[in-house]
Every structure is written in structure tokens, then in C-alpha cells.
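Trainee: I would like to take a slow, close look at a single part of this model, and I would be grateful for an answer that connects that part to what lies around it.

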Amino acid sequence: MNIGIAGTGYVGLVTGVCLAEVGHHVTCLDVSQEKIDMLKGGHSPIFEPGLDDMLQKNIREERLHFTTDRSEAYENKELIFIAVGTPEGENGKADLSYVKTAAREIAASITNDVVIVTKSTVPVGTNEMVEDTVKAHGSAYQVHAVSNPEFLREGNAIHDAFHGDRIVIGGNHQPAVEKVAELYAPFDIPIVRTDTKSAELIKYASNAFLATKISFINEIANICEITGANVEAVAQGMGLDKRIGTQFLKAGIGFGGSCFPKDTKALTSMSAEAGYEFRMLNAVLEVNELQHNKLMEKANEYSAIEKGTKAAVLGLAFKPNTDDTRDTPAIRIIEELQRQGADIVAYDPIATDKMKEVFPDLTYTNSLEEAVNGAETAFIITDWAQIKEQTPAFFTKHMKRPLIFDGRNCFDPGEMVSGGVHYHSIGRSGNSFRMTMST
Ligand code: UDX
């Protein structure tokens with residue numbers, strides 16, 4: 001099929017590359033000439049394992065094109081995806097200005113009937129608004145909007161695009177829904193067909209539910225610390241119940257990233273606007289905020305930081321395998337360490353450039369050894385493999401004082417303590433994971 005994509009950010013780019021990979025002809029549009037030039041040269045502006053190779057292959061095989069020219073992206077297309085950003089606006093509400101602009105520009109440029117597919121995460125009613133906007137701009141062609149939310153995880157996006165759990169397609173015009181389903185036929189992923197509004201809500205409900213699981217286990221972790229239980233044993237024991245499941249029960253310093261905080265706030269705000277107070281989600285967000293402070297609370301309890309204390313911040317990305325630092329818990333920790341006058345060295349294998357946009361004057365390194373060398377305290381923010389593969393000896397050898405506050409439970413507490421490290425983690429009160437199972 002002939003496809004145009006409005007917006008070549010994370011969602012638009014991964015969608016475009018994967019659709020080209022299965023044989024469709026895709027033209028990706030973006031306003032940034034710099035980004036388009038980079039992509040035309042086969043280089044992705046985002047870090048995503050496997051993306052560059054697939055990008056280069058599909059450019060070479062002439063199925064994937066990049067442009068800043070709207071006519072090139074929208075003329076003679078069967079399907080046009082909207083994959084522009086919906087950032088957090090006033091009172092946590094999703095800001096739809098980019099979606100509205102895209103709808104107006106599509107109306108002005110199309111040369112035939114078209115199905116508009118909304119990939120961006122948008123509140124209930126947005127697809128209706130997109131259709132109305134196109135009609136209001138006097139387009140002579142028939143346009144149907146279909147909701148098709150994305151569930152890709154950063155760092156696993158290519159894998160998720162080909163092996164996702166489901167594809168959701170929501171529309172009120174059956175032929176338009178079937179057209180989108182046909183597009184995904186090569187993917188071998190179950191397709192859920194539903195109405196537009198339900199599809200729009202499925203995306204928010206899914207992300208909010210996962211965020212709820214995380215805040216729930218983080219509160220259990222806090223109870224574990226008080227009572228002496230081990231949160232990993234509790235999570236494992238809970239998760240074996242198939243109704244609960246083991247995933248998204250990893251306790252830590254809270255969720256970050258471009259989706260969970262923004263989408264949870266947007267659902268809360270959308271509910272409020274509809275006259276309903278989503279009480280539980282307010283608590284999920286509040287718990288996450290408090291959890292971001294956990295490591296510093298522990299450090300303060302042990303009087304770990306004084307003016308001039310050498311502190312290593314290990315991991316800046318909001319999770320491993322991405323250079324994304326949006327809403328990362330590292331921000332709060334660095335701000336607090338700066339306030340207390342610590343001498344900070346921040347380490348991340350790939351996200352230091354992104355973090356420089358937030359803290360331009362911090363000392364950064366891409367070497368873990370350099371970060372811990374001579375440090376008196378280390379804070380682990382991201383569970384990078386490069387950090388998890390270390391032994392207690394690595395820290396005792398390089399640190400001046402091996403005092404570690406681990407926000408991602410990267411190590412076994414028993415091993416760290418017997419290896420001579422003063423080790424504090426989340427929800428484990430110094431206990432190793434104790435659980436055996438027999439059939
Ligand atoms: C998420 C959703 O998973 C994806 O389906 C959606 O489309 C976009 O948002 P992403 O933001 O890439 O994806 O990251 P994810 O792997 O879901 O993790 C989000 C945050 O939760 C990270 O900060 C991670 O560290 C944290 N997390 C995750 C936990 O603290 N504990 C867990 O058990 C799982």
C-alpha cells in the first residue's frame with residue numbers, strides 16, 4: 001500500500017520503517033529539515049536497537065522515503081498516519097495542537113479519498129475531531145479516521161512491532177477498519193477491532209494499568225522495608241498467580257519516560273473533564289513522585305552526603321537500552337545532590353548527551369570505572385547490563401568508600417554486604433531473595 005506518515009518522531013519513524021520492511025511504500029514527513037537529511041542518509045536521530053539497519057535496507061530498496069514536502073507525503077496515498085507528539089499541556093491535559101495542524105494540512109493536500117490512521121496517543125473523541133477538521137477545511141474527498149494506538153516499548157520497539165501482543169484498530173466505518181487490518185496482515189499479531197472511542201481509551205487504560213502495577217509494588221516494597229520482608233520474593237509469589245502475572249512488578253525508584261507519566265496524567269485530566277474523578281490514578285502518580293525521592297531519603301538517613309562528597313550517579317536514562325532521559329528519576333536525584341553540595345560524576349553508556357540538555361554543567365563520563373573511581377557514594381538509577389554485571393570487588397576496588405544506594409535492585413544484597421559494600425536497595429531490608437518452589 002501507499003502510505004504517508006505525519007511526524008517522524010519515535011512512533012512515526014518506527015512505524016514507517018516496520019511497514020516498509022513488510023513491503024509497503026512509505027513516505028515519512030517531518031518539519032525538521034535537519035532530521036529529514038539525517039534520515040535520508042540512513043541515520044536514525046533516536047537510539048533504538050536494530051533500527052538503523054532496517055532503515056538503511058528499506059531506503060536502499062526504495063520503499064522508504066523522507067521529506068519535508070507535504071504534497072509528497074499526502075498526495076496519492078491510501079492511508080495517512082498521524083504520529084505527531086501529544087505533549088503534556090495545561091493541567092496534565094494532552095496538547096493536541098500538532099494533531100490539529102496535521103489534520104488541517106492533510107485536508108489541504110490530499111488528492112483522493114483516504115483513511116487517516118491516528119497512532120499518536122490521543123484522548124477519547126480526537127479521531128472524530130480529526131475527521132471534522134478535515135471536513136471543515138472543505139476537502140472534496142471522503143476521509144475516515146481510524147484509531148490505531150501504538151504499544152511499543154523504547155529499546156524493544158522493533159521486536160514489539162513484529163511480535164506485539166495485539167494490534168488495536170478502532171473505527172466507525174467498517175471498510176476503513178478493514179483497510180487498516182489489511183495493512184497489518186503480514187505481521188501475524190492478533191487484531192482487536194472495535195469502535196473508535198474504545199480504541200482511544202485502550203491505549204490510556206493499558207499504560208495507566210501498568211503504571212498502577214509499578215506504584216503498587218513500590219508501596220509493597222516500602223512495607224517490606226518496614227517489616228523485614230523481601231519485595232522480590234513477594235512479587236514472585238504474587239506473580240505466579242496467572243491472574244496477576246510476574247511482569248511490571250519490579251520495585252524501584254519509580255517509572256519515568258515519555259509515556260507513563262504523561263499518559264497517566266492525561267487520563268486523569270480527561271476523566272476530570274468528563275466529570276469523573278479517577279481517584280486511583282491520582283494515588284499512582286503521588287506514589288511515583290514519592291518513590292523518586294527514596295534513594296535520597298535513604299542517603300540522608302545515613303548522612304551520606306556532605307558538601308564536597310564525591311557522588312557517582314550511575315545511569316541517567318529512564319530505563320536501559322534507550323538514551324531517553326525524559327522524566328527520568330535521575331533528574332530529581334541530581335537536583336538534590338547539587339542542593340546538598342555533592343561533587344557529582346554522572347555515568348550513562350549512551351544518554352549523557354541527552355542529559356546535558358538538562359544539566360549542561362555536570363561532569364559526565366561514558367566509563368563506569370571513571371564514574372566510581374574515588375567516589376564516596378554511588379546512586380544506581382538505571383539497571384543497565386554494564387552496571388548489573390559488576391561484582392562487589394569492582395566497587396570496593398575503585399570507590400573511596402563503597403556506599404551504594406541502588407534504586408533498581410541490580411545486586412543481591414547478601415553478596416554485596418559479604419563483599420564489603422555498604423549496600424542499600426529498594427524493599428529488601430538487606431535480605432537476599434529467599435524462595436524455593438517444588439512441584
Ligand atoms: C511504555 C509501555 O510499556 C508501552 O506499551 C507504551 O506504548 C509506551 O510506554 P516505555 O515507556 O518504553 O513503554 O517503557 P517501559 O518498559 O514500559 O517502562 C516504563 C518505566 O517503568 C521505566 O521507567 C521502567 O524502569 C519502569 N518500570 C517498569 C518499573 O519500575 N518496574 C517494572 O516492573 C517495569
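Trainee: Which helices are included in what covers the buried residues of α12?

Mentor: Please keep in mind throughout that this is a predicted model. What covers the buried residues of α12 includes the helices α9 (196-227), α11 (260-273), α13 (294-301) and α14 (329-339), and to see how that cover fits, it helps to begin with α12 itself. Helix α12 runs over residues 279-292, and its 14 residues should span 20 Å at 1.5 Å a residue, which agrees with the 21 Å between its end C-alpha atoms. The buried residues of this helix are Leu281, Val284, Leu285, Asn288, Gln291 and His292. They cover an arc of only 125° around the axis, which puts them on the same side of α12. The spacing in the sequence fits a general rule: an α-helix has 3.6 residues a turn, so residues three or four places apart point the same way. On the face of α12 turned away from that buried side, you will find the exposed residues Arg279, Glu286 and Glu289.

Two of the covering helices lead us further. Let us take α11 to begin with, since the loop between α10 (231-239) and α11 contains Cys259. An unreviewed UniProt entry lists Cys259 under "active site", and in this model Cys259 counts as buried because it has 23 C-beta neighbours inside 10 Å, where 20 or more are needed.

The other helix to follow is α13, which lies across the strands β12 (377-380), β13 (403-406) and β14, running at about 150° to β13. These strands belong to an open sheet of six, in the order β11-β10-β9-β12-β13-β14, with parallel pairing. At its edges stand β11 (363-365) and β14 (422-424), each with a single partner strand, so one side of each is left without a neighbour in the sheet. Neighbouring strands of this sheet are turned against each other by 20° on average, with direction ignored. Within the sheet, β9 (residues 310-314) and β10 (residues 343-347) pair in the parallel sense over five bridges, and Leu314 stands opposite Tyr347 in β10.

Looking back at α12, then, you can hold two faces in mind, one carrying the exposed residues Arg279, Glu286 and Glu289, and the other holding the buried residues, whose cover includes α9, α11, α13 and α14.

Terms used:
Residues are numbered from 1 along each chain as its sequence is written. This is a predicted model: local features need pLDDT of at least 70, side-chain atom pairs count only at pLDDT 80 or more; totals for chains, interfaces and linings use all residues. Helices (H or I, at least four residues) and strands (E, at least two) are DSSP runs, numbered from the N terminus. The expected span of a helix is 1.5 Å times one less than its number of residues. A residue is buried if 20 or more other C-beta atoms lie within 10 Å of its own, exposed if 12 or fewer, and partly exposed in between; C-beta atoms are placed from the backbone. The arc is that of the directions from the helix axis to the C-beta atoms. Two residues are in contact if their C-beta atoms, placed from the backbone, lie within 7 Å. UniProt positions are given in the numbering used here, feature names are shortened, and annotations may be inferred rather than shown by experiment. Two strands pair if DSSP finds at least two bridges between them. Axes are lines fitted to C-alpha atoms, for helices over the stretch in contact, and angles run from 0 to 180 degrees between N-to-C directions.
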